[in-house]
Amino acid sequence: MLYLASRSPRRHELLARLGVPFAPLDPQVEEVRGPQESALDYVRRVATEKARAGLALVAAEPDAVVLGSDTEVVLDERVFGKPADADDAAAMLRTLSGRTHQVITVVALAAHGRTESVTVESQVAFEELDEADITAYVATGEPMGKAGAYAIQGGAERHIRHLAGSYSGVMGLPLQQTAQLLRQFGLLPGTTEPGHPPATAAMHRGT
């Protein structure tokens, strides 16, 4: 049985597109970056902790597999999390304006005695945003609850000058790489070749 350890409506929508039945879980995982922790290591750790915390909630089910994922916007090693308020959202958008930032998404699958993950990194470039653009977008409320204060599938899309990587990964769940992980766990038909991840992703294993 597959479980999704996330409250994100976007991840629910994206995972449903793969046609695998799943049930939601809501594990409590503290998302605090360590003082010496790189942005990449932070995203990997949080995604894995979500999957393992979710597995703990269904520990009585021997065939349970839990998917955990984390997505962060990164610029100059700064992690742009969810804005605290409208002023914080506007400040984030000013910083991202006219620059290319990185979006890191890690998807982790945890089962009893097995954890594997995939890391997908995308590059997103915003056009120059003037204050009117920023004010109007923040006023929609869409930036709230979004890493980096924007949703690429929403109103921010009109300001994206260039994207290199996974569109669904920037949304929160890279579908091609997630499907590959699900195949490795026997949850999707088809085959994948261990040791040969896609060029845009890196695979990681744990115990």
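In this predicted model, His101 has Val124 of strand 6 as its bridge partner. Strand 5 (residues 100–111) and strand 6 (residues 114–126) run antiparallel and are joined by 12 bridges. The two strands form a hairpin with two residues between them, where Gly113 takes a positive phi near 80°.

Strand 5 also pairs with strand 3, again in the antiparallel sense, over 10 bridges. In this pairing, Val65 stands opposite Ala111 of strand 5. Of the 12 residues of strand 5, 11 are buried, so the strand is largely enclosed by the rest of the structure.

**Nonpolar cores**

The largest nonpolar core holds 43 residues, and the members that touch the most others are Leu2, Leu67, Leu93, Leu109 and Tyr150. Helix 3 (residues 86–96) supplies the largest share of this core, namely five residues. A second, separate core comprises 20 residues, among them Ala23, Val43, Ala64 and Val74. In soluble globular proteins, nonpolar side chains tend to be buried together.

The surroundings of Leu93 can be described individually. Leaving aside residues up to four places away in sequence, Leu93 touches Leu129, Ile134, Tyr137, Val138, Gly148, Ala149 and Tyr150.

**Positive phi outside glycine**

One contact of Leu93, Ala149, has a positive phi of about 65° although it is not a glycine. Glu77, likewise a residue other than glycine, has a positive phi near 70°. The table sets out both residues.

| Residue | Phi | Loop | Relative accessibility |
|---|---|---|---|
| Glu77 | near 70° | between strand 3 (65–75) and strand 4 (78–80) | 44% |
| Ala149 | about 65° | between helix 4 (131–139) and strand 7 (160–164) | 0% |

With a relative accessible area of 0%, Ala149 is buried, because this value falls under the 20% cut-off. Glu77 counts as partly exposed at 44% relative accessibility, because this value lies between the 20% and 50% cut-offs.

**Helix 1**

Which residues of helix 1 (residues 9–16) are buried? They are Arg11, Leu14 and Leu15. These residues cover an arc of only 95° around the axis, and therefore lie on the same side of helix 1. The buried residues pack against three strands and three helices, as follows: strand 1 (2–5), strand 2 (22–25), strand 3, helix 2 (39–57), helix 5 (167–171) and helix 6 (175–184). Strand 3 thus appears both in the packing of helix 1 and in the antiparallel pairing with strand 5.

Terms used: Residues are numbered from 1 along each chain as its sequence is written. Side-chain values use heavy atoms; hydrogens and water are left out. A nonpolar core is a set of buried Ala, Val, Leu, Ile, Met, Phe, Trp, Tyr and Cys residues joined through side-chain atoms within 4.5 Å. Buried means under 20% relative accessible area, exposed over 50%, partly exposed in between (1.4 Å probe, protein chains only). Helices (H or I, at least four residues) and strands (E, at least two) are DSSP runs, numbered from the N terminus. Contact means heavy atoms within 4.5 Å. The arc is that of the directions from the helix axis to the C-beta atoms. Two strands pair if DSSP finds at least two bridges between them.
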